[in-house]
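This report describes one molecular structure for a reader who is new to the subject. Please look at the sequence and the model first, and then read on.

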2 protein chains.
Amino acid sequence: MTGETDPRFLRSREAILNAARELLLESGPTAVTHAQVAERAGVGRATVYRHWPQAEPLLVEAMATVPMPFLDKPTAPIKEWLRRELTAIARQLDLDDVRAVSTTLANTALWDRTMDARRAQFARVLTDRLAAALDDAQARGEIALGLTSRNAAAMTIGPMYYRSTIERAPTDPDLIEAAINALGTWATDQ
Amino acid sequence: MTGETDPRFLRSREAILNAARELLLESGPTAVTHAQVAERAGVGRATVYRHWPQAEPLLVEAMATVPMPFLDKPTAPIKEWLRRELTAIARQLDLDDVRAVSTTLANTALWDRTMDARRAQFARVLTDRLAAALDDAQARGEIALGLTSRNAAAMTIGPMYYRSTIERAPTDPDLIEAAINALGTWATDQ
């Protein structure tokens, strides 16, 4: 692509991405159209088409600018790390932009391949990281797992995700504690 | 409204609703436009506008034709009832139409009042029914609850919902069993 390092090209690209994210958060994914994005970004419609000939990839990139829940590198004891990380995820799931992006991802992934690849990658990172941390904790005798470590992400993040997107309420510490305890028998009750 | 009992009016209404549901399942909520619905239903665009001046309420009604997960009247022992009901919900969450409707509801509810009212009602019914069943089970000594009964829906349906919509995989019986056990200490291990 020509002009990729042209400052004007980069500026309009950033303005378009910001406009797309704003429209998504304010009105939902259907609002991310070339016409509305152009108006919001203060650029011509042709400029939006030049950067993103289609609206879907623009939505994908605008969504990628919102930081999604994530699991930091595990540290022992895993139970404490888990409590800290899940509390952080619960707080993130309470943010309007995270709720908008996660539900848009789950929904659009059903019909769009790029979105589905993002969804799969997002799920895989959480599942893998949690499984690795728990397998390690089990090897060190910190927990006797009551389910496969591949089920741990659904068991812990699932309740908070449902609370945030279906019940639309904040997660209380009790729910996090119950999810942690549901993973198996912890050696010490911290 | 005039003509409500006119058979032709009712037939076109049904054709429009069917077309809207088909388009939603095939291509997502953005496909439910007056133009596409008219074409699919084989009626004029004006007819679609006559029934539904706006597309959102048409989407809401089309979604309402898909049976959503539900909890049957509780029967003792509650643990068995719960295992049966959660297994049924897990199977429903594996269906494309249920996945489409539930993720569309969670997403559109963020920006649309009618959708949000449906989401809230759906969540409330599940939470209330589960809470009542568990409070009753606790009163009869079947379980000592480890979390508030209002947290039970998120704790049990949450993992399956995350598995279905974010991990996009079927729920295994282990996950259901772990969720049931996470509710508290069951008196008998059935």
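What follows describes a single chain, then its annotated regions, then the contact between the two chains.

**The fold of one chain**

The model is predicted. Chain A has nine helices and two strands. Read from the N terminus, the order of elements in chain A is α-α-α-α-α-α-α-β-α-α-β. Along its principal axes, the C-alpha trace of chain A spans about 60 × 35 × 25 Å.

**Annotated regions**

Two entries from UniProt, both unreviewed, concern chain A. The record lists residues 10-70 of chain A as "domain: HTH tetR-type". Over residues 10-70 the chain is 70% helix and 0% strand, and the C-alpha atoms at the two ends are 28 Å apart. The record also places a "DNA-binding region" at residues 33-52 of chain A. For residues 33-52 the figures are 75% helix and 0% strand, with the end C-alpha atoms 11 Å apart.

**Salt bridges**

Side chains of opposite charge can pair when their charged atoms come close. Counted over all chains, there are 22 salt bridges in the model. One of them joins the side chains of Glu61(A) and Arg13(A), with 2.7 Å from N to O. This pair links distant parts of the chain, since Glu61(A) is in helix α4 and Arg13(A) is in helix α1, 48 residues apart.

**Unusual backbone geometry**

Most residues other than glycine have a negative phi, and most peptide bonds are trans. A few places in this model depart from that pattern, and the table lists them.

| Place | Feature | Value | Location |
|---|---|---|---|
| Ala76(A) to Pro77(A) | cis peptide bond | omega about -5° | Pro77(A) in the loop between α4 (55-64) and α5 (78-93) of chain A |
| Ala76(B) to Pro77(B) | cis peptide bond | omega near -5° | Pro77(B) in the loop between α4 (55-64) and α5 (78-93) of chain B |
| Arg168(A) | positive phi, not a glycine | phi about 50° | Arg168(A) in the loop between α8 and α9 of chain A |

**How the two chains are related**

What rotation superposes chain A on chain B? A rotation of 180° does so, with 0.0 Å of shift along its axis and an RMSD of 0.0 Å. The two copies are therefore related as by a two-fold rotation axis.

**The interface**

In the model, 45 residues of chain A are in contact with 46 residues of chain B. Of the interface residues of chain A, 100% are also interface residues in chain B, so the copies meet through the same surface.

Chain A and chain B bury about 3500 Å² between them, and 64% of this area is on carbon and sulfur atoms. Which three residues supply more of the area that chain A buries against chain B than any other three? They are Trp111(A), Tyr162(A) and Ile166(A), which supply 20% of that area.

There are also polar and charged links between the chains. The count of residue pairs in polar contact between chain A and chain B is 15. Two salt bridges cross the interface of chain A and chain B. In one of these, Arg168(B) pairs with Asp116(A), and the closest N and O atoms are 3.5 Å apart.

Several helices of chain A take part in this contact. The helices α1 (7-27), α6 (96-108), α7 (113-139), α8 (152-165) and α9 (173-181) each supply at least two residues of the side of chain A that touches chain B. Of these, α8(A) gives the most to that side, with 10 residues. By class, the side of chain A that touches chain B has 24 nonpolar, 11 polar and 10 charged residues.

Conventions:
Residues numbered from 1 in each chain as written. Chains lettered and ligands numbered in written order. Predicted model: local features only at pLDDT ≥ 70, side-chain atom pairs only at ≥ 80, totals over all residues. Heavy atoms only, no water. UniProt positions renumbered as here; feature names shortened; annotations may be inferred. Helix = DSSP H or I, 4+ residues; strand = E, 2+ residues; numbered from the N terminus. Least-squares fit on C-alpha atoms with pLDDT ≥ 70 in both. Contact = heavy atoms within 4.5 Å. Buried area = accessible area lost by both parts, 1.4 Å probe. Salt bridge = Lys/Arg side-chain N within 4 Å of Asp/Glu carboxyl O. Polar contact = N/O pair within 3.5 Å; in protein donor to acceptor, adjacent residues only side chain to side chain. Nonpolar A, V, L, I, M, F, W, Y, C, P; charged D, E, K, R; others polar.
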